[in-house]
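Colleague: Could you take me through this one? I should like to discuss its pockets first and its helix packing afterwards.

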Amino acid sequence: MPFARLATATTPTCHIGLGLAAVGRPGYINLDRDADLGGDRSVEALRTRTHDLLDAAYAQGVRYFDAARSYGRSEEFLAEWLRGRPDAADVVIGSKWGYTYTADWSTDAERHEVKEHSLAAYERQRAESDALLGDRLDLYQIHSVTPDSPALTDKDLHARLAEAAAQGLTIGFSTSGPAQADAIRAALAVTVEGEPLFRTVQSTYNALETSAEPALAEAHDAGLTVIVKEGMANGRLAAAHAPDALRAVAAETGLDCDAVALALVLRRPWAGVVLSGAATVVQLASNLRAAAVDLDDDQLSRLAVLREDPHAYWERRGQLAWH
C-alpha cells in the first residue's frame, strides 16, 4: 500500500498531509478566505500559490498530497508540480471522485459542485484523473460517502473498483455529515469476492466534531489507513475564531491555536495522516508545528469540553458561505 511509505519516513511532519481544497479553486467555505487569498484569484495566481505550498510542504517533510475532481484545478496544479519535481518520487498522491466542479471559476456560482456516486460518474472522472495524474495517482477515494450513498450498495461499481485495486490503485472513501460513523461502518462491510474493498477512510474530526472517533478506531483496527480532514473546522479553530479554552492552551504551549488543534488530532492512535488545509505558506508552517506540541492531561481535559453535538456542528458548517 502507498501509505507504507510513510511508515519508513523519519521527519516529524511525515504524518501531516496537505489538502488542496482551499487553493484549487477561487471559492471555498473556509473562514477569513478573503484575507488569505486577496483579490487576485486568477488561475495563474492560484497555480502559483499551490506550487509554492507544495514546495514548502515537501521541503518540510510532508509526503501526502490530497486533491479531488471537485477542487477546481487542484489535480491539474498538482500534476504540473509533480512533472517539475522529479525528486519528489516519494510522495503519496490521493484524489477523489463523486463530485463535479460546476462553479466555472466563480466565487458566487449558484452551485459549486454536484454529487453523483454512480458507476458512470466514476468512469468519467477516473479517466479525467488519469489524464492528469497518470501513474502518480496512488489513492482514489469516493468523495463524501453518507449512509444513503448508492456507492455502498452498487455491486457493479464495487466490481470496477476492485479491478482498479487489482491493478495497484488503492481504493478509499471519505465521509461527511452527522452520520459519519454509520457510513464508515457500512463501508467496512463492503467486500468483493470475500475481500474488503476499501483500504483508506478520510473523515472530519476535530476538537468540535469527534463523533466519528469510535468508527475510525474500528477502521484502523481493520487495517485501513485513516486520513483526517477539516482538523481546523474550516477555520473555526484558527486564532481569530478559536474558543477561549483553545486560546488558553495555545498560550501555554507558546504556539498558535492551529498547531494545538491539529496536535489534538495527531495524538489519536488511529490517525494515520492529518491534513493541513493551509492557503498560505505561513499558515502551513504554523500547522506543521503541531508535530512538536505535547499536551498534558489537564490541557486535554480542558479541550474536551469543546465538543459539539454533531448535528449542530454540521448544521453550522452547512451555513458557511462560499468566499
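Colleague: Which element gives the largest share of the lining of the second largest pocket, and how many residues is that?

Modeller: H12 does, with three residues. Please note that this is a predicted model, in which local features need pLDDT of at least 70 and side-chain atom pairs 80 or more, while totals for chains, interfaces and linings use all residues. Numbering starts from 1 along each chain, and side-chain values use heavy atoms, without hydrogens or water.

Colleague: Which residues line that second largest pocket?

Modeller: Its lining consists of Tyr205, Asn206, Ala207, Thr210, Glu213, Leu264, Arg267, Arg268, Leu300, Leu303, Ala304 and Arg307. A pocket is an open set of points on a 1 Å grid where a 1.4 Å probe fits, with protein on both sides within 12 Å along at least five of seven lines; lining residues have an atom within 4 Å of a point.

Colleague: How much space does it hold, and how does the lining divide by class?

Modeller: The second largest pocket holds about 170 Å³ (space filled by probe spheres on the points). Six of its lining residues are nonpolar, two polar and four charged. Nonpolar covers Ala, Val, Leu, Ile, Met, Phe, Trp, Tyr, Cys and Pro; charged covers Asp, Glu, Lys and Arg; the others are polar.

Colleague: And the largest pocket, what is its volume?

Modeller: About 1,000 Å³. The largest pocket has 50 lining residues, with Tyr28, Asn30, Glu230, Asn234 and Gly235 nearest its centre. By class, 22 of the lining residues are nonpolar, 17 polar and 11 charged.

Colleague: Which elements give two or more residues to that lining?

Modeller: They are helices H2 (33–37), H10, H11 (281–288) and H13 (310–318), together with strands S6 (139–145) and S12 (273–276). H11 provides the largest share, four residues. Helices (at least four residues) and strands (at least two) are DSSP runs.

Colleague: Turning to packing, at what angle does H9 meet H10?

Modeller: H9 (residues 244–253) packs on H10 (residues 257–266) at about 100°, and their axes lie 8 Å apart. The two are therefore roughly perpendicular (65 to 115 degrees; under 35 is roughly parallel, over 145 roughly antiparallel, the rest oblique). Leu246, Arg247, Val249, Ala250 and Thr253 of H9 are in contact (heavy atoms within 4.5 Å) with Cys257, Val260 and Ala261 of H10. Six of these residues are nonpolar, one is polar and one is charged.

Colleague: How does H9 pack with H12?

Modeller: H9 and H12 (residues 297–304) pack at about 160°, with axes 9 Å apart. That angle makes H9 roughly antiparallel to H12. On the H9 side, the contact uses Ala245, Leu246, Ala248, Val249, Glu252 and Thr253; H12 supplies Gln299, Arg302 and Leu303. Five residues here are nonpolar, two polar and two charged.

Colleague: What about H3 and H4?

Modeller: H3 (residues 43–59) and H4 (residues 74–84) pack at about 55°, with axes 10 Å apart (lines fitted to C-alpha atoms over the stretch in contact, angles running from 0 to 180 degrees). This pair is therefore oblique. H3 contributes Val43, Leu46, Arg47, Thr50, His51, Leu54, Asp55 and Tyr58 to the contact, and H4 contributes Glu76, Phe77, Leu78, Glu80 and Trp81. The contact of H3 with H4 comprises seven nonpolar, two polar and four charged residues.
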